[in-house]
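Colleague: Please take a close look at one part of this model, the loops and what packs around them. Then set that part in the whole chain.

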Amino acid sequence: MERKRWQRAFNIPMSDEGPKPFPQPTLNTQRALCAIEQAHPDKLSDCFAALYQAFWVESKTIGKPEVFGPVLESVLGEQEGKKMVERASQPEAKKRLSENSDLAMAEGAFGLPWFVATNSRG
């Protein structure tokens, strides 16, 4: 129900049914995003938006490299997209995801999505 409320209240595109299966393992996708953050920080938001579209609107199984790879290629270009999929299995991307997970736990995260917001008063 919450997902549908967000969809209406904030005009967020989502399929009516939601992705199947749900939840999906997205460890490799998260590692690829960490590789993108390191190599192309200016493209991270666009890659995230493309993955959001694929998952929540098109109900694609984005945890699989054969699915998320082409999504990243649509933003980064074929060669760079393939490179980021390869870098997802490298120690640097794994370390960054581990650091992100540790930070989320330190901030009190208990589910996804998790946001930490800071205003002018801290």
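**The loops and their surroundings**

Modeller: Ser59 is found in the loop between α3 and α4. Keep in mind that this is a predicted model. Ser59 is not a glycine, yet its phi is positive, at about 55°. Most residues other than glycine have a negative phi, and most peptide bonds are trans. Ser59 counts as partly exposed, at 26% relative accessibility.

Asn11 is another residue to check. Its phi is also positive, about 55°, and Asn11 is not a glycine either. Asn11 belongs to the loop between α1 and α2. The relative accessible area of Asn11 is 67%, so Asn11 is exposed. A glycine with a positive phi appears as well: Gly108, just after α6, at about 95°.

Stay with the loop between α1 and α2. Pro21 is found there, and so is Pro23. Both follow a cis bond. From Lys20 to Pro21 the peptide bond is cis, with omega near -10°. From Phe22 to Pro23 the peptide bond is cis too, with omega near 0°.

Gln24 sits in this loop as well. Is Gln24 buried or exposed? Its relative accessibility is 9%, and the cut-off for buried is under 20%, so Gln24 counts as buried. Its side chain makes polar contacts with backbone atoms. One polar atom of the Gln24 side chain lies 3.0 Å from the backbone oxygen of Pro21. A polar atom of that side chain is also 3.3 Å from the backbone nitrogen of Ile62. Leaving out residues up to four places away in sequence, Gln24 touches Pro19, Phe55, Lys60, Thr61, Ile62 and Gly63.

Phe55 leads to the aromatic rings. The count of aromatic pairs comes to 3. One of them is Phe22 with Phe55, a tilted pair. Their ring centres are 6.2 Å apart, and the planes make an angle of 40°. Phe22 lies in the loop between α1 and α2, while Phe55 is in helix α3, so this pair ties together parts that are 33 residues apart in sequence. The two partners differ in exposure. Phe22 is exposed, at 53% relative accessible area. Phe55 is buried, at 8%. Phe55 also pairs with Trp56, this time edge-to-face. Here the centres are 5.0 Å apart and the planes 85°. Ring pairs thus link Phe22, Phe55 and Trp56 into a cluster.

Now follow the chain past this loop, into helix α2. Its buried residues are Thr29, Arg31, Ala32, Leu33, Cys34, Ala35 and Ile36. These buried residues pack against α3, α4, α5 and α6. How does the length of α2 check out, and why? The helix covers residues 27-39, 13 residues in number, which should span 18 Å at 1.5 Å a residue. The end C-alpha atoms are 19 Å apart, so the two values agree. Helix α6 passes the check too. Its 16 residues should span 22 Å, and its end C-alpha atoms are 22 Å apart.

Next, helix α4, which holds Val71. Val71 is buried, with a relative accessible area of 9%. Outside its neighbours within four places in sequence, Val71 is in contact with Ala50, Leu51 and Ala54. An α-helix has 3.6 residues a turn, so residues three or four places apart point the same way. Take Ala54 from that list. Val71 and Ala54 are 17 residues apart in sequence, and their C-alpha atoms are 7.4 Å apart in space.

Finally, the whole. The protein has 6 helices and 0 strands, running α-α-α-α-α-α from the N terminus on. Its radius of gyration is 15 Å, close to the 14 Å that the globule rule gives for 122 residues, so the protein is as compact as a globular protein of that length. Along the principal axes, the C-alpha atoms fill a box of roughly 40 × 35 × 25 Å. Buried residues make up 27% of the 122 residues. Consider contacts between residues at least 6 apart in sequence: 62% of them join residues at least 24 apart. The exposed area of the protein is about 8,300 Å², and carbon and sulfur atoms supply 56% of it.

Note on methods:
Residues numbered from 1 in each chain as written. Predicted model: local features only at pLDDT ≥ 70, side-chain atom pairs only at ≥ 80, totals over all residues. Heavy atoms only, no water. Helix = DSSP H or I, 4+ residues; strand = E, 2+ residues; numbered from the N terminus. Expected span 1.5 Å × (residues − 1). Buried < 20%, exposed > 50% of the residue type's maximum accessible area, 1.4 Å probe, protein only. Contact = heavy atoms within 4.5 Å. Phe/Tyr/Trp six-rings, centres within 6.5 Å; stacked < 30°, edge-to-face > 60°. Polar contact = N/O pair within 3.5 Å; in protein donor to acceptor, adjacent residues only side chain to side chain. Rg over C-alpha atoms; globule rule 2.2 N^0.38 Å. Areas by Shrake-Rupley, 256 points an atom, 1.4 Å probe, with all protein chains shown as cover.
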